[in-house]
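User: Could you take a close look at one part of this model for me, the open sheet, and then walk me through whatever else stands out around it?

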Amino acid sequence: MGAYVLRRVLIMLLLLLLLSFAVFVLFSLLPADVARLTCGKICTDQTIELNRIRLGLDKSVFEQYWLFLSAIFVGRTYGVGEGAVVCEAPCLGWSFTKSEPVLELILDRLPTTIFLALGAFVLFLIGGVLLGIYSALRRGGWQDKAITGVALVGYSLPSFFFGLVVIYFVIIRWQILPFPRYEHPWDDPVQFVQTMILPWLVLAILYAAFYTRLTRSQMLETLGDDYIRTARAKGLPERTVIGKHALRAGLTPIVTAAGLDLAGLLGGAIILEAIFSLPGLGSLAISSVTNPDQSILVGVTLITATFVIIANLVVDILYAYIDPRVRAS
Amino acid sequence: MTGAFLEVRDLHVDFPTDDGTVHAVAGASFSVSPGSTMAIVGESGSGKSVTAQAIMGLLNPRAAQVSGHVFLNGTDLLECEPDDVRRMRGSVMSMIFQDPLSSLHPFYRIGDQLVEAVRVHQNVSKSQARDMAIDGLRRVGIPAPERRVDDYPHQLSGGMRQRVMIAMALINGPDLLIADEPTTALDVTVQAQIIDLMMELQEQTGTTMVVITHDLGVVAEMAKDVCVMYGGRIVEHGSTDDIYYRTSMPYTQGLLSSVPRLDEVRSERLDPIPGNPPSLIRLPSGCVFHPRCRERSRVEDDLCRTLEPELLEVSPGHTARCHLVDGTGGAP
Amino acid sequence: MTDIVRVTDLRVHFPVKSRGVFPRTIGQVKAVDGVSLHIGAGETLGLVGESGCGKSTTGRAILRLLPITSGRVEIEGTDITDLSRRQMRPRRREAQMIFQDPYNALNPRQTVGSIIAAPFRIQKVDPPGGVRAAVRDLMDRVGLNPEHVNRYPNEFSGGQRQRIGIARAIALQPRLIVCDEPVSALDVSIQAQILNLLSTLQEEFQLSYLFIAHDLAVVRHIAQRVAVMYLGSIVEVASREDIYSHPLHPYTYALMSAIPVPDPHLQAERQRIVLRGDPPSPVDPPTGCTFHTRCHIAQERCRTEIPVLRDMGGGHEVACHFPLTDLSATAT
């Protein structure tokens with residue numbers, strides 16, 4: 001088991017390295033002239049040229065990548081003399097539009113995204129799995145039909161539409177909640193909850209639909225398996241048969257999907273953050289597209305990709321925990 | 001019911017489906033005396049496994065309609081509350097299945113599965129239950145049970161897994177053990193071990209056994225009494241000797257003569273029953289076996305096609321569902 | 001040289017990977033380890049053994065469905081061991097296969113007609129009278145109603161599906177058919193029908209069969225010669241008469257004695273050797289004779305020296321240091 005995890009971590013690091021290179025090369029291939037974009041409204045050819053040297057854009061892609069990579073461990077100084085900017089290790093690049101290190105920008109936005117993602121995750125996982133089990137047990141009954149029907153609608157709703165509809169009714173028409181204004185929970189817990197509750201619910205409903213369907217089909221499959229008959233033949237009460245024997249056997253695909261969904265959400269729920277004006281990674285990404293800042297985009301992309309890779313690793317380790325047969329091979 | 005430990009009377013099991021109702025069991029009646037072994041023989045679709053699951057109360061009430069009587073030690077299980085039957089499962093009556101690999105939960109250690117079986121019925125501590133589990137494993141001939149108890153099912157061989165299933169079925173000392181094709185998924189050399197083990201354990205514990213199988217060799221080895229099922233009905237019932245040496249139903253006859261045998265020199269050609277087993281949704285009229293029966297011409301007035309024969313007595317304790325049986329002891 | 005198949009010293013090994021940070025090959029599963037056999041025109045060779053003994057792997061390797069590690073396979077005098085996929089393609093006409101599970105071997109989305117016609121399409125063969133007529137003729141020959149040509153596999157019973165598989169296999173009139181447990185998934189009454197059908201087709205088309213089975217009783221009814229496999233090697237091969245009347249290898253004897261006979265009195269009197277334990281792992285086979293760990297007459301020599309197949313007269317070959325005499329077989 002230890003060797004397995006170690007091997008997976010090594011592969012993960014290698015993958016991250018390759019990925020960062022790919023992201024870096026991809027962005028450097030874009031036709032946009034970064035030196036011009038970062039120079040602001042009043043711009044002379046001279047400042048552009050200066051920017052070019054400061055950003056290291058006069059060097060080859062490989063050299064630029066090396067500078068970027070080494071900056072993570074030893075930091076980096078952009079330019080020389082008076083106008084030099086020092087980005088201390090770990091340095092994930094420097095945003096010239098915001099005059100801040102990219103990492104700091106990201107870390108500043110990360111808690112919002114984490115709160116949004118985790119809250120919704122807990123809601124949709126519990127809700128989806130419970131509804132899925134219930135639906136499977138009432139297979140063919142009206143409860144099952146109602147749940148699968150609603151799940152299908154939820155599954156096919158576009159998030160921007162659903163989000164806007166909810167804002168229109170709950171906040172504007174019925175005025176149940178005030179307009180969203182994000183505060184960190186340690187600053188203003190009431191305001192935090194009032195702002196987050198709608199995006200949580202919207203995300204949860206959108207995702208729960210998928211988990212209801214997945215759990216239902218998993219349960220229907222495992223409930224027909226021989227060991228479920230054995231569990232019943234042992235005289236176990238139905239709640240143990242379903243809650244323990246059937247659920248655990250059907251858990252693997254749910255864990256996979258949940259891990260990857262959580263990773264995706266941690267990369268920022270771009271549309272919902274924009275709709276509910278939450279200062280998370282998603283809105284950071286959007287603002288660095290509308291007000292172009294390539295270093296922020298590279299940073300956010302890398303962080304998101306890292307979440308996905310870590311989620312994959314965690315999911316695989318969870319597999320081995322759930323299914324002893326995985327441990328053996 | 002005097003003398004009988006298990007008595008099944010007029011058992012019917014129907015499964016309504018979109019294509020029509022599947023009449024899986026249609027009026028099965030038999031009884032098993034305490035400590036003896038009854039075999040239910042039949043091919044797939046004969047209703048033998050459904051009969052077993054109906055006795056155990058394992059059929060999904062949302063899918064199956066069960067009627068009739070199943071008396072276990074005088075109590076009618078079909079009249080009991082589902083939760084009372086649930087409490088009898090695994091304690092008073094147990095069951096083992098065909099495929100021991102898929103019948104054990106792949107994610108739990110065998111010890112945990114045994115402990116669970118103990119603790120659902122007995123008020124004992126976890127460590128006591130674990131000791132009982134190790135004891136149970138030792139009794140079914142698993143070497144080094146103290147270590148094996150922590151294995152997962154996939155770490156054991158097929159024969160060992162079936163031993164674990166037997167240990168689990170017997171761990172609460174049931175009075176009735178139903179074995180549904182217990183050796184079909186095993187190699188012959190392992191099958192011989194498992195049969196020996198089951199008979200040995202029965203001798204020690206006096207457990208009443210119902211063995212469900214398609215293998216007439218296994219029946220010859222294990223059972224005292226035999227029910228032959230076809231198309232959801234019991235078509236012949238008697239002692240093993242009655243069934244093998246005084247066969248009275250043409251289906252049983254056909255079954256016996258189509259088994260490839262190791263022991264006697266026969267013509268290369270086997271003598272099979274022609275045709276295919278009937279659909280349980282649209283059963284043939286009259287005798288369910290008549291479309292495949294070779295003795296049909298011996299019955300007058302095309303009776304086989306129009307009238308379903310009763311189970312008639314061939315000799316005391318030996319009955320057959322055939323118009324050729326005159327009910328006074330004459331065989332066809 | 002009328003041999004259709006000649007296999008010399010066939011080996012099929014699969015690598016075993018280590019666990020750890022960097023996995024590497026640490027051993028070999030010797031699934032087939034030095035098998036030699038031959039099958040004459042119109043002959044059936046039964047290949048018998050327990051699960052995991054390598055009998056199916058042998059059959060698949062002969063058809064080049066698995067990579068061959070070493071050895072030689074000749075079909076009709078042509079060495080096919082090293083033929084490329086492209087070179088193999090026209091050869092596939094000569095050797096076909098029938099599978100155990102008639103449910104999984106047929107594409108559920110194709111009609112029966114299309115399944116049976118597939119060999120003609122793939123090999124670009126135009127039978128006289130056209131494909132449609134050929135398909136109807138094949139269906140008739142295997143006992144299927146040609147009217148059902150447009151039905152799908154799920155509309156047929158297990159036995160009928162096996163007939164579909166047989167029709168597909170004989171479509172191009174091959175010389176050899178590898179039958180991999182063709183009747184073990186079928187009911188007894190259907191088994192006999194399929195065995196008889198295979199015999200009829202053999203006479204009609206001068207087919208050679210490699211008949212792979214775990215059941216010695218089934219093999220007795222179809223094979224002229226029988227080879228018994230244990231842990232990747234053939235331990236005994238002889239004509240049917242010789243092997244069933246006086247088996248020389250203790251494993252063959254144990255295998256036969258383990259099969260219960262459908263005759264209660266005879267079964268009660270039979271001498272049985274119940275082998276202990278399970279077959280050892282082919283990753284780490286025992287030294288010397290691989291059977292010595294379960295053999296009831298094993299001696300010191302068996303632990304160290306590997307026995308080779310030797311002819312004991314009349315083509316009865318056995319790989320045993322102490323082959324049974326008739327006396328020792330009955331005395332144990």
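Analyst: The open sheet in chain B of this predicted model is built from eight strands, in the order 6-7-8-3-9-10-12-11, with mixed pairing. At the edges you'll find strand 6 (93–96) and strand 11 (311–315) of chain B, each with a single partner strand, so one side of each has no neighbour in the sheet. Going from one strand to the next, the twist averages 20 degrees.

As a reminder, strands of a sheet pair through backbone hydrogen bonds, and that pairing is either parallel or antiparallel. For strand 10 (residues 233–239) and strand 12 (residues 318–321) of chain B the arrangement is antiparallel, and two bridges join them. If you want a spot to click on, try Glu236(B): its bridge partner in strand 12 of chain B is Ala320(B).

Staying in chain B, have a look at Asn73(B), in the loop between strand 4 (65–72) and strand 5 (75–76). Asn73(B) isn't a glycine, yet it has a positive phi of about 55 degrees. It counts as partly exposed because it has 16 C-beta neighbours inside 10 Å.

Chain B also touches chain C, in a contact that takes 36 residues from chain B and 35 residues from chain C. On the chain C side, the elements giving two or more residues are helix 5 (158–170), helix 6 (188–205), helix 7 (216–220), helix 9 (250–258) and helix 10 (264–269). Helix 6 of chain C gives the most, with seven residues. Sorted by class, that side of chain C has 18 nonpolar, 11 polar and six charged residues.

Elsewhere in chain C, Thr69(C) sits in the loop between helix 1 (55–62) and strand 4 (70–75). With 16 other C-beta atoms within 10 Å, Thr69(C) is partly exposed. Setting aside its neighbours within four places in sequence, Thr69(C) is in contact with Arg11(C), Val12(C) and His13(C). Its C-alpha atom is separated by 36 Å from that of Gly159(C), which is 90 residues apart from it along the chain.

Now over to chain A, whose secondary structure comes to 14 helices and four strands. Its C-alpha trace spans about 80 × 60 × 35 Å along the principal axes, and 34% of its 329 residues count as buried. Of the contacts in chain A with a separation of 6 or more, 65% are between residues 24 or more positions apart.

One helix pair there deserves a stop: helix 5 (residues 102–137) and helix 10 (residues 238–266) of chain A pack at an angle of about 150 degrees, with their axes 11 Å apart. That angle makes helix 5 roughly antiparallel to helix 10 of chain A, and the crossing is right-handed. Among the helix 5 residues in the contact are Ala117(A), Phe121(A) and Leu125(A), while helix 10 of chain A brings residues including Ile254(A), Ala258(A) and Leu262(A). The residues of this contact divide into 14 nonpolar, one polar and no charged.

Two backbone details in the loops of chain A round things off. A cis peptide bond joins Ala89(A) and Pro90(A), with omega about -5 degrees; Pro90(A) is in the loop between strand 2 (85–87) and strand 3 (94–95). Then there's Ser99(A), in the loop between strand 3 and strand 4 (100–101) of chain A. Ser99(A) has a positive phi of about 50 degrees despite not being a glycine, and with 8 other C-beta atoms within 10 Å it is exposed.

How values were computed:
Residues are numbered from 1 along each chain as its sequence is written. Chains are lettered from A and ligands numbered from 1 in the order in which they are written. This is a predicted model: local features need pLDDT of at least 70, side-chain atom pairs count only at pLDDT 80 or more; totals for chains, interfaces and linings use all residues. Axes are lines fitted to C-alpha atoms, for helices over the stretch in contact, and angles run from 0 to 180 degrees between N-to-C directions. Angles under 35 degrees count as roughly parallel, over 145 as roughly antiparallel, 65 to 115 as roughly perpendicular and the rest as oblique. A crossing is left-handed if the near helix is turned anticlockwise from the far one by less than a right angle, and right-handed if clockwise. Two residues are in contact if their C-beta atoms, placed from the backbone, lie within 7 Å. Ala, Val, Leu, Ile, Met, Phe, Trp, Tyr, Cys and Pro count as nonpolar, Asp, Glu, Lys and Arg as charged, and the others, Gly among them, as polar. Two strands pair if DSSP finds at least two bridges between them. A residue is buried if 20 or more other C-beta atoms lie within 10 Å of its own, exposed if 12 or fewer, and partly exposed in between; C-beta atoms are placed from the backbone.
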